[in-house]
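Please look through the structure shown here, beginning with one helix pair and then moving out to the whole chain.

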Amino acid sequence: MITITLFKKNKKISTIYNIENIEPNSVIITFDDGFFDNFAYAYPLLKKYEIPATVFLSTCYVSERGVRHTIEDVWNKNAKISMLQKPEPYQLDKLKNNKEFLTWEEIKIMHKSGLIAFESHGHEHLKHQTDKFGEKSSHLQGPYFFLICL
């Protein structure tokens, strides 16, 4: 079993921004889509152990709901475990406007830490949607705009 202490002592963690200097046997930690549990559960652990990560964000699903409690709030006795939002099963057809995703405020908090990078995933999940001419739709406008504004 690998403990956090052993992992940190021997870690070779890089970020996607340091890709040309990655040592052999290194890892890059990434999260797909931007689900809220990246903030509520993973981010406090990454922050505690100073481990960088990258979230590939689907900007279509980000909400304006504010900031939710995290496991760190429980550790600091500012919230009870029952107050934490619990993840729900992933259902592709029910993603839009879902409370399962990060909020803009949570993204800003994570980004300001310097540990969490955000990259473009695509604006939303589509099943290879095509326009009326049979061409694949472009969904880069949303994430591109997000990356410029962040």
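In this predicted model, a useful place to start is the contact in which Asn38, Phe39 and Tyr43 of helix α2 meet Glu106, Ile109 and Met110 of helix α4. Sorted by class, the residues in this contact of α2 with α4 are four nonpolar, one polar and one charged.

The geometry of the pair can be set beside these residues. Two packed helices are described by the angle between their axes and by the distance between those axes. For α2, which spans residues 37-48, and α4, which spans residues 104-112, the packing angle is about 25° and the axes lie 10 Å apart. Because angles under 35 degrees count as roughly parallel, α2 and α4 are described as roughly parallel to each other. The sense of the crossing is left-handed as α2 passes α4.

From this pair the view can be widened to the fold, for the protein contains five helices and three strands, and its elements, read from the N terminus on, follow the order α-β-α-β-α-α-β-α. Among contacts in the protein with a separation of 6 or more, 69% are made by residues 24 or more positions apart.

The surface and the interior complete the description. Of the protein's 150 residues, 33% count as buried, a class that takes in residues with under 20% relative accessible area. The area that the protein exposes comes to about 9,900 Å², of which carbon and sulfur atoms supply 55%.

Key:
Residues are numbered from 1 along each chain as its sequence is written. This is a predicted model: local features need pLDDT of at least 70, side-chain atom pairs count only at pLDDT 80 or more; totals for chains, interfaces and linings use all residues. Side-chain values use heavy atoms; hydrogens and water are left out. Axes are lines fitted to C-alpha atoms, for helices over the stretch in contact, and angles run from 0 to 180 degrees between N-to-C directions. Helices (H or I, at least four residues) and strands (E, at least two) are DSSP runs, numbered from the N terminus. Angles under 35 degrees count as roughly parallel, over 145 as roughly antiparallel, 65 to 115 as roughly perpendicular and the rest as oblique. A crossing is left-handed if the near helix is turned anticlockwise from the far one by less than a right angle, and right-handed if clockwise. Contact means heavy atoms within 4.5 Å. Ala, Val, Leu, Ile, Met, Phe, Trp, Tyr, Cys and Pro count as nonpolar, Asp, Glu, Lys and Arg as charged, and the others, Gly among them, as polar. Buried means under 20% relative accessible area, exposed over 50%, partly exposed in between (1.4 Å probe, protein chains only). Accessible areas come from the Shrake-Rupley method with a 1.4 Å probe; for residues, only the protein chains shown count as cover.
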